[in-house]
Amino acid sequence: MKKEILKILKNNKEYVSGQELCKGLGVSRTAVWKVMNQLKEEGYEIESVSKKGYKLLDKPDILSREEIESQMDTEVFGKKVVYFDEIDSTNIYAKKLGEEMDSHGILVVADRQIQGKGRRGRDWDSPKGSGVWMTLVLKPGIKPADASMITLVAGLSVCKAIQKLYGANCLIKWPNDIVINGKKICGILTEMSTEFDYINHLVVGIGININTMEFPEELKLTATSIEKECGSRVLRSELIAAIMKEFELNYNIFMETCDLEGLMKDYNKYLVSINKEVVIIEAGQKYEAIALGINKNGELRIRTKDGEEKNVFSGEVSV
Ligand code: BTN
């Protein structure tokens, strides 16, 4: 019921009468009053005026299951949210959920991770209240070899959601970092459990720096946050819901062909290195090339200095 009341308050700029709420939700006045008090305790600024009803004065940046679910406008992705104030890693929890039958689309969100995981065994700093730390469980029924493309779909979706909400010039650094003004604001870690030629489940972990203003010395030159770059105030639940909306839409396009045929044009529009020089580090070898965009398998097409065109699979690329 808390989720429904939040939804109603958010959708109404004017007062909503207690009677209206009771009738609409089929509950008692006391029950509504109790929920209002709970919400106030959680930090929502709710004005209650006799004979008029309740009004939400400000949208605070609060995370809870109800808050996130009340923003969600999807069919499957993030319809069910599992929320933690603190957890080791949302990826670790999501992998456990992935073992369950009906977990496709469940979103795990935390306010803080104490063992956040990055790619290549690195740690991912996830302090309280300063980012979006979330993992989506998927059971896509595709071949393990095609799974890396889902990470690209996720990256494109994060990028589009941030651009739409904050007008930020946010771009993709292939394969799956999101950058603003050349510095990383988001990383994606996809992990999967496979059986022979079959994906049992896949978890897509997304970490976005929201309001960190100062980064540790070793990250100063490479990392940033949305608020630092754009100055816009970010409501994390709103951003999470916008990302899930984009992700679901793009995932459905991907699933039609099980490749990026329908998305690569869009992806290449956001590619930070398109038509620019990149350095490829491949099997210990370093060379320069021009990035031409991704192909339908998600590989990066490049042109080397001697005019040869080829595809890069998993080599590290720096702009
Ligand atoms: C990277 O190294 O760029 C990937 C970082 C991924 C971090 C996210 S935060 C939510 C999810 N849980 C984790 O432990 N890691 C991912």
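**Exercise 1. Find where Thr90 sits in this predicted model, and decide whether Thr90 is buried or exposed.**

Step 1. Start with the element: Thr90 belongs to helix H5.

Step 2. Now count neighbours. There are 28 other C-beta atoms within 10 Å of Thr90, and the cut-off for buried is 20 or more. So Thr90 is buried.

Step 3. Look at who the neighbours are. Skipping residues up to four places away in sequence, Thr90 touches Val108, Val109, Ala110, Gln113, Trp133, Met134, Thr135 and Gly205.

**Exercise 2. Do the same job for Asn91: which element holds Asn91, and is Asn91 buried or exposed?**

Step 1. Asn91 is also placed in helix H5.

Step 2. Asn91 has 25 C-beta neighbours inside 10 Å, so Asn91 counts as buried.

Step 3. Again leaving out residues up to four places away in sequence, the contacts of Asn91 are Lys117, Thr135, Leu189, Glu191, Val203 and Gly205. Thr135 and Gly205 turn up in the list for Thr90 too.

**Exercise 3. Work out what surrounds the ligand.**

Step 1. The shell around the ligand has 21 residues, and the closest are Ser89, Gly118, Gly187, Gly205 and Gly207.

Step 2. Which elements give two or more residues to this shell? They are helix H5 (90-98), strand E5 (131-138), strand E8 (183-195) and strand E9 (198-209).

Step 3. Sort the shell by type: six residues are nonpolar, 11 are polar and four are charged.

Step 4. Check a record. An unreviewed UniProt entry lists Ser89, Thr90, Asn91, Gln113 and Lys184 under "binding site". Thr90 and Asn91 are the residues you placed in helix H5.

**Exercise 4. Decide whether Glu45 is buried or exposed, and find its contacts.**

Step 1. Glu45 lies in strand E1, residues 45-49.

Step 2. Glu45 has 12 C-beta neighbours inside 10 Å, and exposed means 12 or fewer. Therefore Glu45 counts as exposed.

Step 3. Beyond its neighbours within four places in sequence, Glu45 is in contact with Leu57 and Asp58.

Step 4. Try a distance as well: from C-alpha to C-alpha, Glu45 and Val179 are 34 Å apart, with their positions 134 residues apart in sequence.

**Exercise 5. Place Ser130 and say how it is packed.**

Step 1. Ser130 is in the loop between strand E4 (107-110) and E5.

Step 2. Ser130 has 19 other C-beta atoms within 10 Å, so Ser130 is partly exposed.

Step 3. Apart from neighbours within four places in sequence, Ser130 is in contact with Ile210, Asn211 and Thr212.

Step 4. Ser130 and Met213 are 83 residues apart along the chain, and their C-alpha atoms are separated by 9.6 Å.

Notes: Residues numbered from 1 in each chain as written. Predicted model: local features only at pLDDT ≥ 70, side-chain atom pairs only at ≥ 80, totals over all residues. Near = placed C-beta within 6 Å. Helix = DSSP H or I, 4+ residues; strand = E, 2+ residues; numbered from the N terminus. Nonpolar A, V, L, I, M, F, W, Y, C, P; charged D, E, K, R; others polar. UniProt positions renumbered as here; feature names shortened; annotations may be inferred. Contact = placed C-beta atoms within 7 Å.
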